[in-house]
Amino acid sequence: MRELKIDPEFRNKIPPLTDAEFEQLRENILKDGEVYEPICVWQGTIIDGHNRWRIIQENPEIPHRFKEMDFSDKWAAFEWMYRKQLGRRNLTDEQRTYMIGKMYEARKKSVGEHVGNQYTKMESLQNDDIPNGSAKTARTIAKELGVGRSTVERSERFAKGVDTLRGESPEAADIVLRGKSGMSRSQVSDIRNMDKALRKETAKAIVDGRTPAKRSVGRPASI
């Protein structure tokens with residue numbers, strides 16, 4: 001069997017499947033007797049198909065295939081991953097918002113600009129090094145996705161809130177993305193401004209099935 005690298009930085013960029021979702025995927029693959037969607041690989045590292053690859057390793061006789069990808073840098077690869085996830089039909093509103101925000105973040109950090117399936121160099125400049133680069137990037141992504149520029153910018157703030165929460169509790173972050181936290185998107189966005197004690201309190205409340213008290217949301221971090 002082909003040797004592929006599993007890089008946690010890529011694997012953890014996409015919210016994990018629940019146990020039930022993974023078991024359903026396994027059941028579908030075993031029933032079909034084939035893995036229809038290819039494992040996407042960049043420089044020997046899986047960037048899409050970690051769950052499928054796990055099932056293949058358990059059942060190496062199942063027919064499968066690979067697709068070699070070409071990106072200018074890892075941020076361009078991240079953007080492709082988020083864009084691909086946005087094509088799924090079963091995303092929650094929170095997951096979709098998160099993917100838009102992360103796509104915007106990745107586009108700004110990439111040294112390449114996505115054009116169709118190709119990436120071209122921008123003379124080694126970051127988008128943020130270009131005057132109004134962030135605003136231009138937000139407008140471009142908004143046009144591509146059929147949303148407003150402000151939606152893209154709010155989505156990035158939401159994604160940063162989720163990522164901050166994940167630093168305290170991956171379980172709490174996954175609950176938020178499944179739309180089960182009882183928190184508004186603006187409240188989630190404000191998690192990034194909390195001090196550590198309030199972040200922990202919020203994460204615990206989410207995991208315990210309680211809606212976090214509004215008084216603990218949006219308080220500036222201690223200096």
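Student: In which hand does H8 pass H10 in this predicted model?
Tutor: Let's look at the two helices together. H8 covers residues 170–177 and H10 covers residues 196–207. Their axes come within 9 Å and cross at roughly 65°. The crossing of H8 past H10 is left-handed.

Student: How do the residues of the contact of H8 with H10 divide into nonpolar, polar and charged?
Tutor: Happy to walk through them. H8 brings Glu171, Ala172, Ile175 and Val176, while H10 brings Ala203, Ile206 and Val207. The division is six nonpolar, no polar and one charged.

Student: Is Ile46 buried or exposed?
Tutor: Start with its place, which is strand E2, residues 45–48. Leaving aside neighbours within four places in sequence, Ile46 contacts Leu4, Lys5, Ile6, Phe10, Ile39, Cys40 and Trp53. Its relative accessible area is 0%, and under 20% counts as buried, so Ile46 is buried.

Student: Which residue of the loop between helix H2 and strand E1 pairs with Arg52?
Tutor: Good one to trace in the structure. Arg52 sits in helix H3, and its partner lies 15 residues away in the sequence. The closest N and O atoms of this salt bridge are 3.8 Å apart. The loop residue is partly exposed, at 36% relative accessibility, and it is Glu37.

Student: How far apart are the closest N and O atoms of Arg52 and Asp48?
Tutor: Both residues are buried: Arg52 has a relative accessible area of 12%, and Asp48 is at 10%. They form a salt bridge, and the closest N and O atoms are apart by 3.0 Å.

Conventions. Residues numbered from 1 in each chain as written. Predicted model: local features only at pLDDT ≥ 70, side-chain atom pairs only at ≥ 80, totals over all residues. Heavy atoms only, no water. Axes fitted to C-alpha atoms, helices over the stretch in contact; angles between N-to-C directions. Helix = DSSP H or I, 4+ residues; strand = E, 2+ residues; numbered from the N terminus. Left-handed = near helix turned anticlockwise from the far one by under 90°. Contact = heavy atoms within 4.5 Å. Nonpolar A, V, L, I, M, F, W, Y, C, P; charged D, E, K, R; others polar. Buried < 20%, exposed > 50% of the residue type's maximum accessible area, 1.4 Å probe, protein only. Salt bridge = Lys/Arg side-chain N within 4 Å of Asp/Glu carboxyl O.
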